[in-house]
Amino acid sequence: MSIESVVSAVIQRVGVLLYEEIKFLTDVEGEVNNLSMELKAMQSYLKDAEARQENFDQVDRIKVGEIIKIAYDAEDVIESFILNSMYCSMRKGSLFQKYFFFCCSLVHIHQIGKEVVAIEKRIQVTTAMFERYGVRQQNLPDNTIGTSSTSMISRPRAYPHSDVDEHGKEVDFLKVLPVDNTTSTQGAIVRESCRLAMHEGLQLTTHNSHLRSFVYWTGSSNFDTRPVCENFRFLRVLRIEHYIISELPEALGDLIFLRYLNVSSTKVPRSLGNLHRLLIVDFRGVLSHAELPDVLMKLEQLQYLYLSPPFGVPAAASQLRLPTSGNLQTLWGISAKSWRVKDLEQLSHLRKLFVTDIASMEELESVWKCPSITSDRVHKLGLEVEDEMELSSLGPISHSHNLSSLYLRGSLRQLPIDYGGFPRNLTKLILKDSKLSQDPMPFLGSNLPYLKYLHLGWDAYTGSEMVCKENSFLALEKLELFGLPNLRSLKVENGALPQLKYFEISDGVQIPQRLASLGT
C-alpha cells in the first residue's frame with residue numbers, strides 16, 4: 001500500500017459512513033463534510049510527497065506520519081459518533097429512559113462537533129508545516145466525497161483492510177517488535193504505531209489510541225489478551241497465532257470497531273455479539289467442541305466465516321444459528337452437528353461453502369436448496385457426510401457452470417454418470433471415502449477437460465487397477481493417489497497426462513517410469 005493510499009482508504013471509509021449513516025449526522029453535517037474536504041486536500045499533499053519519497057528526510061517522515069494519524073482519528077470520531085447514536089436510537093424502555101438516551105445523543109452530537117474542530121486545527125498546523133518546508137499542493141480531484149449537500153455524496157467503494165508494505169513501515173504505520181527489544185523501547189514503538197506485530201516473549205502494557213491492527217505470534221500460554229481488549233479500543237484487526245486461549249475475556253465485546261478477528265480459544269464470550277462491524281471471523285484454530293455462544297447471527301455485516309470441527313453448543317440452544325443477513329460470501333467448515341444447516345436455505349450470496357458431519361438426507365437437502373447453489377453462485381464447495389450416509393445424488397451442482405473446486409468425503413459407490421456427472425468446469429476435485437468400485441479415471445479424464453488438480457484418497461476407489469486412457473486429462477497438472485489399499489497398478493496410455501508436473505502415490509503401486517521421475 002502506498003503512502004497516499006493509506007489516507008485514500010480512510011477517505012473511502014469516511015465516505016461509506018457518510019453515505020450509509022447520514023441520518024445520524026444531520027446536526028453536524030457541515031463540520032463532517034468540511035473534514036472530508038480537508039482529508040482530500042491532505043491526500044493531494046501525499047501524492048506530491050510520494051513522488052519524492054526516495055529523498056525523504058526525518059522531517060518528511062514526521063509530517064507524513066502525522067497525516068496518517070489525523071486520517072485515522074477522523075475515521076474514529078465519525079464512527080464513534082455513529083455507533084453511539086445507533087445504540088441510543090435502539091434503546092427501549094420507559095418514557096424517562098427514552099428521554100435520557102435522547103439527551104445522551106445530544107451530548108454525542110456536541111462532542112463530535114468539538115472533536116472535528118480539534119482535528120481541523122491539527123490539519124491546519126500540518127498544512128502550515130508542509131508549506132514552510134516547500135511541499136506544494138496539487139489540485140484537488142473532482143470526485144470529492146463531501147459538500148454542503150448530502151445529495152452530492154457519491155457512494156464509495158468498500159474499505160479494504162489489507163496489510164501494508166515497506167512504505168507503511170517508513171511512516172510508522174507498521175512496526176514489528178523484535179524479541180531482544182528493551183521494555184522502554186517496546187513502549188515507545190507501541191505508542192507511535194498504527195499496526196503492530198509482536199513475537200512470543202514480549203509484554204504488552206502500553207496504551208495506544210492509534211493502534212488499528214495487532215498481530216501476535218506465540219507457542220506458549222503466558223500471553224494475556226485482556227490488556228489488548230481493554231486498552232486498544234480502536235482495533236480493526238486482531239490476530240493471535242499458534243496459541244490456544246483458554247477463555248477470551250468479556251472485554252472482547254468492547255472492540256466495537258473490529259473488522260477482522262482470528263483467534264483460537266476454548267471458550268468465546270457472548271460479548272462477541274456486540275461486534276457488529278465484523279467482516280471476517282476466523283475460528284479455524286479452535287479445538288473441537290470449544291464452547292461458542294449462539295450470537296453469530298447478530299453479525300449482520302459478516303462476509304467471511306471460517307470455522308473448525310464441531311463446537312460445543314450452549315444448553316439454551318439446540319443448534320447454533322447462522323448469520324442470514326445476505327452479506328455472507330464465505331462459510332467454511334460448519335458442522336451439521338453444531339449449526340442449524342437449514343439456515344443455508346436463506347443464504348443467497350455465498351461463493352465458498354464447506355459443510356461437515358452431514359448425517360441425514362434432510363440436512364443434505366438443505367445444502368442443495370441453498371440459493372447460492374441453486375443460482376450457481378458458489379465456485380468452491382466442500383461436503384463431508386457421515387459413514388451411514390451416501391451421496392446418491394449431486395443435486396443441482398451436476399449442471400453447474402461456475403463451480404471450479406469440489407471436495408467430497410463420503411460414499412458415492414458409483415460414479416455420477418446417470419445424473420449429470422461432475423460439474424464440467426471443475427479445475428480441482430478431491431474425493432475421499434467414496435468407495436468407488438469402478439475405475440474412475442476413464443470417466444474423469446474424458447469428462448473434466450479443465451481439471452488441473454485431482455486427489456483420490458482414503459478408500460475413494462476399492463479396485464486394484466487404474467488406467468488413464470489415451471489423450472485424457474489434458475489439463476491435469478497435479479495428481480495425488482493416497483490411502484487406496486487395494487490399488488496395485490496405474491497405467492497411462494499414449495497422450496494422457498501431457499501437462500502433469502506433480503505426482504504422488506502410496507507405496508507398493510506399479511507406475512510408469514515417466515511418472516516415477518516426477519518430483520513430489
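## Ser400 and its surroundings

Ser400 lies in the loop that runs between β10 (380-385) and β11 (405-409). The structure shown here is a predicted model. With a relative accessible area of 9%, Ser400 is buried, because buried means under 20% relative accessible area.

The side chain of Ser400 comes to 3.3 Å from the backbone nitrogen of Asn402. Leaving aside residues up to four places away in sequence, Ser400 is in contact with Asp376, Pro423 and Arg424.

## The largest cavity

Rolling a probe the size of a water molecule over the atoms shows where empty space is left. In this model, 2 cavities of 30 Å³ or more are counted. The largest cavity has a volume of about 50 Å³.

Ser400 belongs to the lining of this largest cavity, together with Ile373, Asp376, Val378, Pro396, Ile397 and Leu403. Asp376 is thus both a lining residue and a contact of Ser400. Sorted by class, the lining holds 5 nonpolar, 1 polar and 1 charged residues.

## The second largest cavity

The second largest cavity has a volume of about 40 Å³. Its lining includes Val385, Glu386, Asp387 and Met389. Arg409, Gly410 and Ser411 also line the second largest cavity, as do Asp433 and Lys435.

By class, the lining of the second largest cavity is made up of 5 charged, 2 nonpolar and 2 polar residues. For the largest cavity, the corresponding figures are 1 charged, 5 nonpolar and 1 polar.

Note on methods:
Residues are numbered from 1 along each chain as its sequence is written. This is a predicted model: local features need pLDDT of at least 70, side-chain atom pairs count only at pLDDT 80 or more; totals for chains, interfaces and linings use all residues. Side-chain values use heavy atoms; hydrogens and water are left out. On a 1 Å grid over the protein atoms alone, a cavity is a set of points where a 1.4 Å probe fits but cannot get out, and a pocket is an open set with protein on both sides within 12 Å along at least five of seven lines; lining residues have an atom within 4 Å of a point. Grid points are joined across faces, edges and corners, and a volume is the space filled by probe spheres set on the points. Ala, Val, Leu, Ile, Met, Phe, Trp, Tyr, Cys and Pro count as nonpolar, Asp, Glu, Lys and Arg as charged, and the others, Gly among them, as polar. Helices (H or I, at least four residues) and strands (E, at least two) are DSSP runs, numbered from the N terminus. Buried means under 20% relative accessible area, exposed over 50%, partly exposed in between (1.4 Å probe, protein chains only). A polar contact is a pair of N or O atoms within 3.5 Å; within protein, one must be able to donate a hydrogen and the other to accept it, and residues adjacent in sequence count only if both atoms are side-chain atoms. Contact means heavy atoms within 4.5 Å.
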